[in-house]
Amino acid sequence: MGTCQPAATARGKQDPRGDHKIRKGTPGTAPGTAPWIYKGSKDTKIEEYDVVVVGCGLSGVIIARRLAEEMKKKVLIVEKRNHIGGNCYDYIDDETGILMNMYGAHLFHTNSERVFKFITKYGDWVRWEHQVVGLIDGQICPIPPNITTVNMLCGTQLKTVKEMDEWLEKTQVKFEDIKNGEQMAKSRVGPVLYEKIFKHYTYKQWKKYPEDLDKSILARIPCRNNFDTRYFGDKFQVLPKEGYTQFFVGLLDHPSIDVHLNTDFFKLKDQIPKGKLVIYTGPVDRYFASQGFETLEYRSINFHIERYKNYGFYQPNSVVNYPGKEVDFTRIVEYKHFLNQQTPHTVIVKETTTDKGDPYYPVLNDRNMSLFKKYKDLADKEENVHFVGRLANYKYFNMDQAILNALEYFDETFLEKKEQKEAYDFVSDSV
């Protein structure tokens, strides 16, 4: 069947992002760890810029683009990582030739006409209806649970939407006052699906069982009443034809935007002239670290990469979830499924969550929300600094939410448009 080449353990401290082998020449990627200018001139002084944007992810880049394009501002983006694109960054794996994400699979989905119109201005996108399956009781089952899942796990013979609705009505636990995540989940899917799909998966994701989480965390867990196997139901479900990094290349392609990678904002903060406009998209607690408050709590992800040469496919689907407690990882992603990549080799990534590392998911409990309010009060008083995006606002954003938030923030703040915000139902992919 071929040979397995698991990720080698690097000498010294291992990178929690995994054993990445980025093909030379990948756009928007610094060649080393030293400060590196992706766009711009080393001779341009910081005083010459109108705006400094901290962070080269979706929020920062979108606001930078609009400041440069619509307000004719000279913008400097500083990014502490060695690449553009934030958590969307992807690249060609040098050993297998497979396009893969560094920070976990990113599947774009939205119901927003404005967001879809915006992203298609900066690259070609192709329709991609994402599906997820889970290995449960030794069976490969559709996730989110649908009629097929229920029949496989519960021994039923449901055939119609009406029968599924009746089954849900009978199995859902009725609570007079839902107090936590466990009660919320059982009120939506009942005790059997809760135990088999959500209970232990939630613990692996959050290091807390649902009974110890706020009910909002599991308020949006999906359950289909039909045979639909798609993970999302959004109108627009697409992937960038050339990858997310290439999409960011297009977004940054403006003569008034410069980008410095491997550049720590806090090391040059004192060089920024007083009164200079700053767009800050980093962690809000890092910005106010000198205030002496405790840090906000996040869950992070470790990525364990394995490469298989001349192997075909490792698994039947791009993403296979492991909801049980038999293994410590939450899922395995096999990237060559995406965009139907043609290669004899494959690369898989097992994901485990941790309290340490890059901040991904805010832990929304009473302690953290109370602490964030203190940071928010400080942020509101900070002159000429705008706190934008998920890290600066201690929220989890899907990609479409991050884009729409940045577009609307720019409208309200810099164009002073007070029009009604676009209202539609975001579908969370954080659980």
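Here are a few worked exercises on a predicted model.

**Exercise 1. Check how confident the predictor is along the chain, and find where pLDDT stays under 50.**

Solution.
- Start with the chain as a whole: the mean pLDDT is 93, and 94% of the residues reach 70 or more.
- Now look for the weak stretch. Residues 1–12 are where pLDDT stays under 50.
- For that stretch, the model has 22 contacts beyond four places in sequence.

**Exercise 2. Work out the layout of the open sheet of 6 strands, and say why one side of β2 and of β19 has no neighbour.**

Solution.
- Write down the strand order: β2-β12-β4-β3-β13-β19, with mixed pairing.
- Go to the ends of that order. β2 (36–39) and β19 (385–387) are the edge strands, and each has a single partner, so one side of each is left without a neighbour in the sheet.
- Add the twist: ignoring direction, neighbouring strands here are turned by 20 degrees against each other on average.
- Zoom in on one pair. β3 (residues 51–54) and β13 (residues 277–280) run parallel and share 4 bridges.
- To pick out a facing pair of residues, take V53, which sits opposite I279 in β13.

**Exercise 3. Place helix α1 against the strands and give its angle to β4.**

Solution.
- Helix α1 covers residues 58–70.
- The helix lies across β3, β4 (75–78), β12 (257–261) and β13.
- Its direction makes an angle of about 170 degrees with that of β4.

**Exercise 4. Do the same layout job for the open sheet of 3 strands.**

Solution.
- The order is β7-β11-β8, and the pairing is antiparallel.
- Which strands are at the edges? They are β7 (108–110) and β8 (125–127); each has a single partner strand, so one side of each lacks a neighbour in the sheet.
- From one strand to the next, the twist averages 40 degrees.
- For the β7 and β11 pair, count 3 bridges between antiparallel strands.
- On the residue level, F108 stands opposite V238 in β11.

**Exercise 5. Describe the largest cavity: its volume, its lining and the strands that supply it.**

Solution.
- First, how many cavities of 30 Å³ or more are there? The structure holds 4.
- The largest has a volume of about 120 Å³.
- Its lining is made of 15 residues, and D90, L99, N101, L239 and F338 are the ones nearest the centre.
- Sort that lining by type and you get 10 nonpolar, 4 polar and 1 charged.
- Next, trace the lining back to strands. β6 (99–101) and β11 (236–240) each supply at least two residues, and β6 gives the most, with 3.
- β11 also links back to Exercise 4, where it sits between β7 and β8 in the strand order.

**Exercise 6. Find the unusual backbone spots: a cis peptide bond and two positive phi values outside glycine.**

Solution.
- Set the baseline: most residues other than glycine have a negative phi, and most peptide bonds are trans.
- Take the peptide bond that joins I143 and P144: it is cis, with omega at about 0 degrees. P144 is in the loop between β10 (139–143) and α3 (147–154).
- Next comes D137, whose phi is near 55 degrees, a positive value. D137 belongs to the loop between β9 (132–136) and β10.
- Finish with N262, where phi is near 50 degrees, again positive. Its place is the loop between β12 and α7 (265–268).

Notes: Residues numbered from 1 in each chain as written. Predicted model: local features only at pLDDT ≥ 70, side-chain atom pairs only at ≥ 80, totals over all residues. Heavy atoms only, no water. 1 Å grid on protein atoms, 1.4 Å probe; cavity = no way out; pocket = protein on both sides within 12 Å on 5 of 7 lines; lining within 4 Å. Points joined across faces, edges and corners; volume = space filled by probe spheres on them. Nonpolar A, V, L, I, M, F, W, Y, C, P; charged D, E, K, R; others polar. Pairing = 2+ DSSP bridges. Axes fitted to C-alpha atoms, helices over the stretch in contact; angles between N-to-C directions. Contact = heavy atoms within 4.5 Å. pLDDT = per-residue confidence, 0-100.
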